[in-house]
Amino acid sequence: MQITVETKPFAAIENEALVTYVFENGDVAQGRIGELGKLTGGLLARLSQSGEITGKLLETTLVHAPSGLEVARLLLVGAGKRDQFNTATLRKVAGVALRYLKTRSVHSFAFAVREGDATEESAQAITEGVITGDFETDKYKTDKKKDKFIDGIAIAGFGNAETAAGEKGIARGRIIAEAQNFARDLVNEPSNKLTPTILAEKAEAMAKEAGLSVDILDEKKIAELKMGALLSVAQGSVEPPRVIVITYTPANPKPGAPVIGLVGKAVTFDTGGISIKPADGMEKMKYDMAGGATMIGIMRALAALKPNVKVICVVPSTENMPGGKAQKPGDIQTAMSGKTIEVLNTDAEGRLILADGVHYAKQLGATHLVDAATLTGAIVVALANVNVGVFGSDQAWTDKLLASAKAAGEKMWQLPMDDEYRELIKGSFADIQNIGSAKGGGSITGAWFIREFAGDTPWIHLDIAGTAWNDDAKPWLAKGPTGVGLRTLVQLITSL
Ligand code: BES
Ligand code: ZN
Ligand code: ZN
């Protein structure tokens with residue numbers, strides 16, 4: 001998809017469609033929308049008066065053959081209240097425009113920004129919106145709709161003086177959005193097409209192409225390193241585990257600068273193991289590798305964005321299966337760190353593999369950790385499918401992440417980590433147990449379990465179980481994998 005900056009005035013733009021956005025409360029007379037209204041002989045005022053255009057968030061109004069314009073169609077997308085408008089809204093508006101026009105067999109359009117929005121940030125948000133909006137999960141469909149595609153977008157409303165900023169935003173947005181779609185593609189793969197071995201192969205191929213260094217640990221190496229927690233999950237499957245290690249090193253690293261460790265859960269299928277899950281909805285557990293996919297996608301983006309900070313990505317990957325060799329409730333395992341773990345529920349496997357992943361990332365030199373995992377169903381109870389659950393051991397580090405989430409337009413919400421919750425995972429027969437001994441707070445006890453292995457290293461845990469997968473299509477995004485977390489962490493790392 002080609003994305004360019006367009007400096008022509010609206011009246012002179014020739015395209016299959018011109019898109020812009022309208023705010024609530026009779027916005028159609030103001031600024032650039034007012035100009036468009038004049039050009040079209042008062043059309044927008046009439047549509048507003050008749051109640052067809054209200055500016056309500058993501059409302060769509062299509063006008064064919066608008067008089068006074070060179071374009072074949074004019075699409076107006078609602079942008080909600082003006083004082084609540086930000087780049088997150090703009091990203092969604094752009095995604096809505098693309099998905100709306102694509103299904104109507106339009107192949108190219110101009111997207112006109114409003115007064116004040118001819119900026120690098122806006123161009124980036126629009127680019128991210130259209131590229132992530134264009135992603136489809138039809139890879140395995142044999143009757144793909146071949147005529148439904150958008151191949152050209154011109155971002156209009158920019159003057160000559162703003163073109164360079166626009167182009168910069170487009171370039172950055174493209175890198176980030178394509179990395180997000182790369183991660184979503186991995187998450188979309190079913191478990192028969194994406195085993196730990198295949199995930200490692202795909203990650204290795206990406207890393208080599210991007211010029212990143214990569215090390216794939218196989219089952220032998222994993223055993224040599226005594227990653228007992230990861231191996232305990234993997235022992236129930238005929239598929240061998242892998243640990244994917246990808247490293248980005250800047251050209252001139254500052255001595256003593258922080259080294260970021262990104263650790264992602266990649267359970268390519270989670271049956272629950274011997275503590276088996278109910279059949280209903282189990283097919284969704286192919287997305288239990290979304291945390292790992294996100295981290296791999298981030299490395300792809302960093303290779304192109306070249307921030308001046310070293311980043312080590314560690315992705316432990318396995319299946320969680322029942323079987324003759326599977327671990328059983330009550331089994332005691334020794335993690336790589338030497339801590340002993342009572343496995344009271346084999347379905348709480350994510351924290352087990354992250355225990356060894358986090359320890360290994362520290363051993364490789366990480367000074368600041370972030371893990372991402374589809375860790376608990378309880379996070380959906382707490383935050384529904386709206387916010388990512390954030391847990392941290394160091395408030396300064398956590399605040400940086402929360403600020404980055406805001407800037408990147410991803411909803412995240414911090415949950416408490418009081419010491420009282422830590423008490424709930426004290427073991428009876430080993431150092432710790434892998435589920436909490438109280439009824440509630442399942443996401444927090446899960447986070448505390450991982451924190452035991454981060455120790456004093458500043459650490460953040462993102463529980464993405466409720467947000468990594470859209471059960472229904474949104475007007476701006478396809479049903480299925482969302483790639484959540486990627487934009488926030490890219491923002492965090494590039495802002496350090
Ligand atoms: N992969 C699941 C968590 C999950 C649930 C992800 C729903 C996506 C959607 C995780 O491994 C799990 O099974 N967690 C258990 C923990 C429990 C046994 C303490 C859960 O949430 O039920
Ligand atoms: Zn599980
Ligand atoms: Zn799981």
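Select Arg114 and Asp27 to begin: the two form a salt bridge, with the closest N and O atoms 2.9 Å apart. Keep in mind throughout that this is a predicted model. Now colour the chain by secondary structure. Arg114 sits in the loop between strand 5 (108-112) and helix 4 (120-134), while Asp27 belongs to the loop between strand 2 (18-22) and helix 1 (31-39), so the pair ties together parts that are 87 residues apart in sequence.

Are these two residues buried or exposed? Turn on the surface to check. Arg114 has a relative accessibility of 1% and therefore counts as buried, since the cut-off is under 20%. Asp27 is buried as well, with a relative accessible area of 2%.

Stay with Arg114 and add Glu115 to your selection. Their side chains also meet in a salt bridge, at 3.1 Å from N to O. Glu115 is partly exposed, its relative accessible area being 28%. Add Arg82 too, and you have a network of salt bridges linking Asp27, Arg82, Arg114 and Glu115. A search of the whole structure finds 24 salt bridges.

Next stop: Glu128. You will find this residue in helix 4. Which residue meets Glu128 in a salt bridge? Show side chains and look for Arg91, with an N to O distance of 2.8 Å. This pair links distant parts of the chain, because Glu128 is in helix 4 and Arg91 in helix 3 (residues 87-103), 37 residues apart. Both partners are buried, and for Glu128 the relative accessibility is 1%.

While Glu128 is on screen, select Gln124 as well: the side chains of Glu128 and Gln124 make a polar contact of 2.8 Å. Then bring up the wider surroundings. Not counting residues up to four places away in sequence, Glu128 touches Arg91, Gly133, Gly173, Ile176, Ala177 and Arg487.

Now switch to a cartoon view for the sheet. It is an open sheet of six strands in the order 1-6-5-2-4-3, with mixed pairing. Which strands lie at the edges? They are strand 1 (2-5) and strand 3 (60-64), each of which pairs on one side only. Look along the sheet to see the twist, which averages 20° from one strand to the next.

Zoom in on strand 2 and strand 4 (residues 73-78), which pair in the parallel sense over five bridges. To see a bridge there, pick Tyr21, whose bridge partner in strand 4 is Val77. Helix 1 packs on the sheet here, touching strand 2 and strand 4, and its direction makes about 130° with that of strand 2. Helix 4, which you met with Glu128, also packs on the sheet: helix 4 touches strand 1, strand 5 and strand 6 (152-156), and its direction makes about 155° with that of strand 6.

For the last stop, select Arg242, in strand 8 (residues 242-248). Arg242 is buried, with a relative accessible area of 13%. Show the side chain of Glu219, and a polar contact of 2.8 Å appears between the side chains of Arg242 and Glu219. Leaving aside neighbours within four places in sequence, Arg242 is in contact with several other residues, including Pro196, Thr197, Asp218, Ile222 and Ser317. To finish, draw a C-alpha to C-alpha distance from Arg242 to Ala366: the two are 20 Å apart in space and 124 residues apart in sequence.

Note on methods. Residues are numbered from 1 along each chain as its sequence is written. Chains are lettered from A and ligands numbered from 1 in the order in which they are written. This is a predicted model: local features need pLDDT of at least 70, side-chain atom pairs count only at pLDDT 80 or more; totals for chains, interfaces and linings use all residues. Side-chain values use heavy atoms; hydrogens and water are left out. A salt bridge is a side-chain nitrogen of Lys or Arg within 4 Å of a carboxyl oxygen of Asp or Glu. Helices (H or I, at least four residues) and strands (E, at least two) are DSSP runs, numbered from the N terminus. Buried means under 20% relative accessible area, exposed over 50%, partly exposed in between (1.4 Å probe, protein chains only). A polar contact is a pair of N or O atoms within 3.5 Å; within protein, one must be able to donate a hydrogen and the other to accept it, and residues adjacent in sequence count only if both atoms are side-chain atoms. Contact means heavy atoms within 4.5 Å. Two strands pair if DSSP finds at least two bridges between them. Axes are lines fitted to C-alpha atoms, for helices over the stretch in contact, and angles run from 0 to 180 degrees between N-to-C directions.
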